Amino acid sequence: MKKQLSLFFSLLVLACSLASCSEGETYGDKKEKERNAIDDFLRDSAFNVIDEATFVNQGQQTFADRRQFVYLDRKGVYMQIMRPGCGDYIADGEQVNVLCKYTEYNILSKSFLSSNISSGRYYDKMLVSRTNATYTASFTFGVMYSTYGASVPAGWLAPLPYIKVGRQTSEDAEIARVRLIVPHTQGHASASSSVYPCFYDITYQRER
C-alpha cells in the first residue's frame, strides 16, 4: 500500500511539473507574440513598410498618402513622419525643453493606455540633450511622467534626427507630428517588463 501511495504521489508531482512547464511562457514566446501583434497591426492598418534606403532616397520623409512607415533597423522602431516640423533641428550640444501631445495604444492588448490630447493646453514636457548623434531625455512633467516615471522611451527619441523642433509662428508653420510603432525594447519600463509594443501619435515643439 505504501509503495502504491508513493508511486501515486510521484506521478502526481510529475504531472504537475509537466503541466507547469507547458503553461509557462518564455521570453522567446512573448517576443514572438509581440512580433506577430506588430505584423497583424501593420497588415490590418494597411501600412506600407519601407526600408531606410528608400527613406533616404525620398529625402528622409514618409508619404502619408501612401501610408508609409520606415523601419529603423537598428532600433526596431517603425516611424511615419506626418509633419517634418518647423524651426530648427536640435543642435549638437544643445539642451532644450520639448513639449509633446500624444496618444498611446497597446498593440498586443488592442487597448488605449494613456493620452494628454483631451487636456487642452496641457503638455508632457521632456528635457532633451544632444551630443553628436546621441539624444537623451527625461520627462519633467505630464501624463507619461506621472504614469511611467522620468525615463523617456528610446522610441520617442528615434524621430529627432529627422524632424525640426520649433514653434508655430505662422499659419504655414506646423509643428512636427510623428507616428511610431515601438517594441518593448525601445519602450518604457512597463512595456519592457511585460513585453508589449505600443503605437504612438506624438507632436513635438519647443517650449517658449
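Helices and strands here are DSSP runs, numbered from the N terminus, with at least four residues for a helix and at least two for a strand. With that in hand, P183 can be placed: it sits in the loop between β8 and α6. Keep in mind throughout that this is a predicted model.

**The loop after β8**

Let's stay with P183 for a moment. Its relative accessibility is 9%, so P183 counts as buried, the limit being under 20%. Along the chain, P183 and K75 are 108 residues apart, yet their C-alpha atoms are separated by 8.9 Å.

G187 belongs to that loop too, the one between β8 and α6 (189–194). Is G187 buried, exposed or partly exposed? With a relative accessible area of 21%, G187 is partly exposed. G187 also has a partner far off in sequence: A154 is 33 residues away along the chain, and the two C-alpha atoms are 6.2 Å apart.

**β8 and its neighbours**

Now step back into the strand that leads to this loop. Strand β8 covers residues 176–182, and 5 of its 7 residues are buried, so the rest of the structure largely encloses β8. Which strands does β8 pair with? One is β3 (residues 77–83), which runs antiparallel to β8 and is joined to it by 5 bridges. To find your way in the 3D view, look for I81, whose bridge partner in β8 is V178. Another is β9 (residues 198–206), also antiparallel to β8, with 7 bridges joining the two. Here A176 makes a handy landmark, since its bridge partner in β9 is Y204.

**Two hairpins**

There are two hairpins to look at. In one, strand β6 (residues 124–131) and β7 pair in the antiparallel sense over 7 bridges, and K125 has F141 in β7 as its bridge partner. This hairpin leaves 2 residues between its strands. In the other, β4 and β5 pair in the antiparallel sense over 4 bridges, with E104 standing opposite S114 in β5. That hairpin has 4 residues between its strands.

Each turn holds a residue with a backbone angle worth a glance. Most residues other than glycine have a negative phi. N132, in the turn between β6 and β7, has a positive phi of about 55°, although N132 is not a glycine. K110, in the turn between β4 and β5, likewise has a positive phi of about 55°. Both are out in the open by the numbers: N132 is exposed, with a relative accessible area of 52%, and K110 is exposed, with a relative accessible area of 63%.

Here are the turn and loop residues side by side.

| Residue | Loop | Relative accessible area | Class |
|---|---|---|---|
| K110 | between β4 (95–106) and β5 (111–115) | 63% | exposed |
| N132 | between β6 and β7 | 52% | exposed |
| P183 | between β8 and α6 | 9% | buried |
| G187 | between β8 and α6 (189–194) | 21% | partly exposed |

**Nonpolar cores**

What about the inside? The largest nonpolar core has 37 residues, and those with the most contacts inside it are M126, W156 and Y204. Apart from that core lies another, of 11 residues, including A37, L42, I107 and I181. You've already met Y204, as the β9 bridge partner of A176.

**The largest pocket**

How much space lies in the largest pocket? About 350 Å³. Its lining is made up of 13 residues, and R74, K75, A133, A158 and P161 lie nearest the centre. Two elements give two or more residues to this lining: β7 (134–141) and α5 (154–157). Sorted by class, the lining has 8 nonpolar, 1 polar and 4 charged residues. K75, one of the residues nearest the pocket centre, is also the residue whose C-alpha atom is 8.9 Å from that of P183.

**Cysteines**

Finally, a word for anyone thinking about thiols. How many disulfides does the whole structure hold? A search of the whole structure finds 0. C86 has 9% relative accessibility, so C86 counts as buried. C100 counts as buried as well, because its relative accessibility is 0%.

Conventions
Residues are numbered from 1 along each chain as its sequence is written. This is a predicted model: local features need pLDDT of at least 70, side-chain atom pairs count only at pLDDT 80 or more; totals for chains, interfaces and linings use all residues. Side-chain values use heavy atoms; hydrogens and water are left out. A nonpolar core is a set of buried Ala, Val, Leu, Ile, Met, Phe, Trp, Tyr and Cys residues joined through side-chain atoms within 4.5 Å. Buried means under 20% relative accessible area, exposed over 50%, partly exposed in between (1.4 Å probe, protein chains only). On a 1 Å grid over the protein atoms alone, a cavity is a set of points where a 1.4 Å probe fits but cannot get out, and a pocket is an open set with protein on both sides within 12 Å along at least five of seven lines; lining residues have an atom within 4 Å of a point. Grid points are joined across faces, edges and corners, and a volume is the space filled by probe spheres set on the points. Ala, Val, Leu, Ile, Met, Phe, Trp, Tyr, Cys and Pro count as nonpolar, Asp, Glu, Lys and Arg as charged, and the others, Gly among them, as polar. Two strands pair if DSSP finds at least two bridges between them. A disulfide is a pair of cysteine sulfur atoms within 2.5 Å.
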